[in-house]
Amino acid sequence: MKIVSFHKSLPISDPDSLLDLTTETPRPAPHDLLLEVRAISVNPVDAKIRSGGGPGRPDGQLQILGWDAASVVTAVGSNVCLFKPGDEVYYAGDVGRPGSYAQFQCVDERLVGHKPASIGFAEAAALPLTTITAWESLFDRMKIRRDPSSAGSLLIIGGAGGVGSIATQLASRLTGLTVIATASRPETQTWCREMGAHHVIDHRQPLAGQVKAIVPGGVNYVLALTKTEDHFDEIIAAMAPQSAMALIENVARPVDINKLKPKCISLHWEFMFARARFETADMGEQGRLLNEVARLVDAGQIRTTMRQNLGSINAANLKRAHALIESGSAVGKLVLAGF
């Protein structure tokens, strides 16, 4: 089968940073689906592993990146009970296994959801990883109630990125929270409003004053998606007593978590691959939440966050995608479709 991979971690500008290669088609384990990949999207974790960070394999060992895909089931393992050949699905998978930069991929069925019927493979591929991350951050980690009558406010730092785009939709459609997103450019501010943000503020400016002009008592929840270490003191100043903060990125330099104590602020880490990595008892929650989001998409409540389709799945187009991701200027999700 065709794959896009690399032999050594290199800058994306290097001709060998990503390569068009071939390898054997995998065989499904008892709980696996064998999936024919139709479309993928690119996430910061892809670029991080390719460049030598994150949970990658050592140099010299073949690494198949990609943890966002929409595919068709072609075969199933002996213990599979939720899917059959021909089913159209979407998923993020397991960072510890070969990813979706490949014509075929094996994924545990518990991590897979039925693709929304109302959108195509490319649009669906934009959703899984960021949707799981946003859903778990809001509803599993910070315990926000999925109830339109729920009161309070949510600050999303980095609202125009992949996770921010879907988190804004989930919070504004499924809860009663006032959603404040941050964005620094007219284009990204417009995008945040399109996603459902009630207010948009500029994260290049001090946050606390902007937030308290909207919510004088401070926000109840913060989803910190980017450069938390740069905003840490301002975030705390912008938060209400007994509030909650969720982070998804490693902080680039140490922050003093003792500063959370006076306001009794709770801190939550989200890593959407944890359930798959440790095969937790609730691993199947990821498949169930993807099915729920598919229902919301088909009902017109949630929309795809795909912003740009870069063409076929090959090394040249994936280099373009990685360069855009590393530039920090990407809005929404970048998608590639078809080999």
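**Reading helices, a sheet and two loops**

Me: In this predicted model, at what angle do the axes of helix 4 and helix 5 cross?

Reply: The axes of helix 4 (residues 162–174) and helix 5 (residues 186–195) cross at roughly 35°, and they come within 8 Å. On the helix 4 side the contact is made by Ser165, Thr168, Gln169, Ser172 and Arg173, while helix 5 contributes Trp191, Cys192, Glu194 and Met195. Sorted by class, the contact of helix 4 with helix 5 has 3 nonpolar, 4 polar and 2 charged residues.

Me: In what order do the strands of the open sheet stand?

Reply: The 6 strands follow the order 10-9-8-11-12-13, and their pairing is parallel. Strand 10 (199–201) and strand 13 (266–269) stand at the edges, and because each has a single partner strand, one side of each is left without a neighbour in the sheet. From one strand to the next, the twist averages 20°.

Me: How many bridges join strand 11 to strand 12?

Reply: Strand 11 (residues 219–224) and strand 12 (residues 239–247), which run parallel, are joined by 5 bridges. To follow one of them, start at Val219, whose bridge partner in strand 12 is Met239.

Me: Which strands does helix 6 touch, and which does helix 7 lie across?

Reply: Helix 6 (residues 207–214) packs on the sheet and touches strand 8 (153–157), strand 9 (178–182), strand 10 and strand 11, with its direction making about 160° with that of strand 10. Helix 7 (residues 228–238) lies across strand 8, strand 11 and strand 12, and it runs at about 155° to strand 12.

Me: Is Ile325 buried or exposed?

Reply: A residue counts as buried when its relative accessible area is under 20%. Ile325, which is found in helix 10 (residues 315–327), has 19% relative accessibility and therefore counts as buried. Leaving aside residues up to four places away in sequence, Ile325 touches Val42, Asn43, Pro44, Ala47 and Leu334. The C-alpha atoms of Ile325 and Asp46 are separated by 9.2 Å, although these residues are 279 residues apart along the chain.

Me: What sign does phi have in most residues other than glycine?

Reply: Most residues other than glycine have a negative phi. Lys227, in the loop between strand 11 and helix 7, has a positive phi of about 50° although it is not a glycine. Glu279, in the loop between helix 8 (274–278) and helix 9 (285–298), also has a positive phi, near 45°.

Me: Is Glu279 buried or exposed?

Reply: The cut-off for exposed is over 50% relative accessible area, so Glu279, at 56% relative accessibility, counts as exposed.

Note on methods: Residues numbered from 1 in each chain as written. Predicted model: local features only at pLDDT ≥ 70, side-chain atom pairs only at ≥ 80, totals over all residues. Heavy atoms only, no water. Pairing = 2+ DSSP bridges. Helix = DSSP H or I, 4+ residues; strand = E, 2+ residues; numbered from the N terminus. Axes fitted to C-alpha atoms, helices over the stretch in contact; angles between N-to-C directions. Contact = heavy atoms within 4.5 Å. Buried < 20%, exposed > 50% of the residue type's maximum accessible area, 1.4 Å probe, protein only. Nonpolar A, V, L, I, M, F, W, Y, C, P; charged D, E, K, R; others polar.
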